[in-house]
Amino acid sequence: MHSKKIGFWEAYSIGVGGMIGGGIFAVLGLTILLAKGAAPLAFLFAGLLALITAYSYAKLSVRYPSEGGTIEFIVQGFGAGILAAWLNTLLLASYIIMLSLYSYAFGSYGAVLIAGVETIWLKKLLTLAVILFFTVLNLLGAYIVGKAEDLMVAFKVFILIFFSVLGFFTIDPAKLSPETYPHLLNILTGGLIIFLAYEGFELIANTAQDVEEPDKVLPLAFYAAVISVMAIYILVALVTVGNLDPSEVIKAKDYVLAEAAKPFLGRLGFILIAIAALASTASAINATLYGTARVSYLVAKYGELPQFFGKHIWKGAYEGLLIISALTIVAALSFDLKNISVAGSLGFLLVFSAVNFSNFRLSRKTGANRFLAGIGAIGCLFSAAALIIYNLKTSPQALYSSAWILGGTFIFEFIYRLTTKKHLAKFIDRKLQEREEFLDNFIKNIPPILAAIRKHFKEAKVYLLDELAGEKREVANKMHLLLAFPKKPSQKEREIEELIRKTAGLSPHHPIKFSVIASSELEEYLREKEHKLLYEMEKDRS
């Protein structure tokens with residue numbers, strides 16, 4: 001049975017839902033305090049950096065579709081050595097920071113919603129409670145998925161757009177004038193702090209194997225998701241800065257989005273945004289624990305994604321869930337918001353720089369523009385350096401947690417690999433390894449497929465298309481077969497594909513695309529495509 005494929009809207013929703021999580025609610029206040037009236041420009045800068053990185057993710061996802069996502073791309077680009085292993089552990093640490101940020105934001109908005117003011121003990125109690133709740137939920141094997149998660153994405157987007165549209169009409173332009181702009185380094189640093197709010201588009205990469213028409217859908221989903229979220233964030237920043245005085249931002253920095261709704265929606269707006277923040281941060285905690293944090297932990301433990309991945313939640317790695325939850329509690333309750341925000345941004349900037357460098361190194365295989373990939377890699381590195389320099393000048397203590405995380409993850413990874421003798425696998429996802437091996441040996445794999453086609457469709461002419469037909473195995477991510485019938489068959493294309501796969505003994509993840517046309521359309525269809533008749537190929541082999 002052919003598994004249901006993910007289309008553009010599903011992939012797009014995964015990216016948007018991943019980005020509009022808790023980040024915008026957690027660190028918007030910090031960005032405004034740094035960038036002041038230029039906060040929208042800070043969001044634009046961070047968004048452009050995310051968009052260039054999304055380009056690398058799109059190229060790598062099409063060429064190396066893998067549930068391993070980010071770490072798979074780094075392994076393919078740099079090999080399975082200590083660098084890739086450390087970056088995976090750093091990625092896991094960065095997701096723990098995101099969890100702590102989401103929990104912190106949940107506590108801040110929850111406390112002010114319940115008590116009317118931000119009470120420290122209540123904030124910490126709610127922060128602890130939300131982490132424990134979703135930890136228990138995952139331990140019990142439960143996970144909020146499907147329609148509930150889709151509705152949550154729609155709710156988050158609707159609330160932010162609703163807030164932006166209504167608030168736009170009450171903006172005070174003077175609060176956004178260039179006279180309010182701080183030094184350029186402050187603006188850039190504000191953008192790099194809020195860069196965390198763009199983290200999440202990479203989740204699209206983990207679904208690449210299940211995407212329909214991945215060559216078209218994946219790039220479109222990546223770019224559309226980042227651009228849409230960038231537009232929403234810039235509008236949110238405009239409305240927030242344009243409706244609040246600096247003193248109000250300082251007072252409500254941990255729940256500034258709810259405070260910004262008061263001037264045009266009153267107390268009802270404050271409550272509405274606070275509820276949206278609670279729902280958004282809670283769903284982000286749930287998704288991160290189940291998804292990306294789980295992937296990184298399992299890779300760290302096994303060196304690859306185990307065979308049970310996707311069938312069970314944390315089976316075989318319950319201690320990982322407990323460790324991640326315990327570290328999240330420590331980070332959320334011990335570090336202040338700026339400390340963990342800087343550490344999280346640095347972690348993702350370094351990881352995203354490595355992904356861009358992987359795309360640069362693999363450009364012959366991914367078909368990427370090396371200039372764009374290089375700009376993304378260097379841009380992320382320079383941004384990380386700018387973030388460090390600014391904090392060294394203004395608040396060196398904000399870098400303490402960053403130093404512990406960067407140094408601690410490397411030392412841990414080095415000792416762990418040395419003592420356990422475990423190493424990352426050449427392929428994180430075994431399905432990707434099977435795909436690559438299938439394509440490496442595509443000539444040997446053609447006869448059984450051709451036999452299956454001839455068994456059911458003797459009248460069809462069979463062509464090999466695209467990269468493999470042009471002997472460009474290096475860039476090929478699939479075998480594309482064209483079946484040309486004297487007249488268009490009554491069966492649907494998918495039904496024909498399922499029948500051939502079943503007869504030839506092919507699994508759903510074997511990378512073959514089947515296209516079906518009538519012979520009258522053949523000349524036009526093949527005009528600009530590399531192609532080769534398969535029976536001629538068989539004759540060449542003999």
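**Strand pairing and an interdomain pocket**

Strand β3, which spans residues 512-518, is largely enclosed by the rest of the structure, because six of its seven residues are buried. The model described here is a predicted one. Strand β3 runs parallel to strand β2 (residues 479-485), and seven bridges join the two. Within this pairing, Ile-512 of β3 stands opposite Met-479, and Val-516 of β3 stands opposite Leu-483. Strands β2 and β3 also belong, together with helix α22 (residues 493-504), to a β-α-β unit that is right-handed.

Strand β2 is itself largely enclosed by the rest of the structure, since seven of its seven residues are buried, that is, under 20% relative accessible area. The side chains of β2 point in two directions: Met-479, Leu-481, Leu-483 and Phe-485 point one way, whereas His-480, Leu-482 and Ala-484 point the other way, and all are buried. In addition to its parallel pairing with β3, strand β2 pairs with β1 in the antiparallel sense, over five bridges. Bridge partners in this antiparallel pairing include Lys-461 with Ala-484 of β2 and Val-462 with Leu-483 of β2. Leu-483 is thus the bridge partner of Val-462 and also stands opposite Val-516 in β3.

Strand β1 comprises residues 461-465, and four of these five residues are buried, so β1 too is largely enclosed by the rest of the structure. Besides pairing with β2, strand β1 pairs with strand β4 (residues 531-533), again in the antiparallel sense, over three bridges. In this pairing, Tyr-463 has Leu-533 of β4 as its bridge partner.

Strand β3 and helix α22 recur in the description of the second largest pocket, which holds about 810 Å³ of space. This pocket is lined by 31 residues, of which Lys-5, Val-211, Glu-213, Pro-214 and Ile-512 are the closest to its centre. The elements that give two or more residues to the lining are α3 (39-63), α9 (214-243), α19 (430-440), α22 and β3. Ile-512, one of the residues closest to the pocket centre, is also the residue of β3 that stands opposite Met-479. By class, the lining has 14 charged residues, ten nonpolar residues and seven polar residues. Because domain 1 (8-420) and domain 2 (430-536) both give residues to the lining, the second largest pocket lies between the two domains.

Two residues other than glycine were noted for positive backbone phi values. The phi of Lys-36 is near 55 degrees, although this residue is not a glycine. Lys-36 lies in the loop between α2 (23-35) and α3, and α3 is among the elements that give two or more residues to the lining of the second largest pocket. With a relative accessibility of 42%, Lys-36 counts as partly exposed. Glu-471, likewise not a glycine, has a positive phi of about 55 degrees. Glu-471 lies in the loop between α21 (466-469) and β2. At 68% relative accessibility, Glu-471 counts as exposed, whereas the residues of β2, the strand at one end of this loop, are buried.

Conventions. Residues numbered from 1 in each chain as written. Predicted model: local features only at pLDDT ≥ 70, side-chain atom pairs only at ≥ 80, totals over all residues. Heavy atoms only, no water. Buried < 20%, exposed > 50% of the residue type's maximum accessible area, 1.4 Å probe, protein only. Helix = DSSP H or I, 4+ residues; strand = E, 2+ residues; numbered from the N terminus. Pairing = 2+ DSSP bridges. Right-handed = clockwise from strand over helix to strand, strands pointing away. 1 Å grid on protein atoms, 1.4 Å probe; cavity = no way out; pocket = protein on both sides within 12 Å on 5 of 7 lines; lining within 4 Å. Points joined across faces, edges and corners; volume = space filled by probe spheres on them. Nonpolar A, V, L, I, M, F, W, Y, C, P; charged D, E, K, R; others polar. Domains from an automatic or database assignment.
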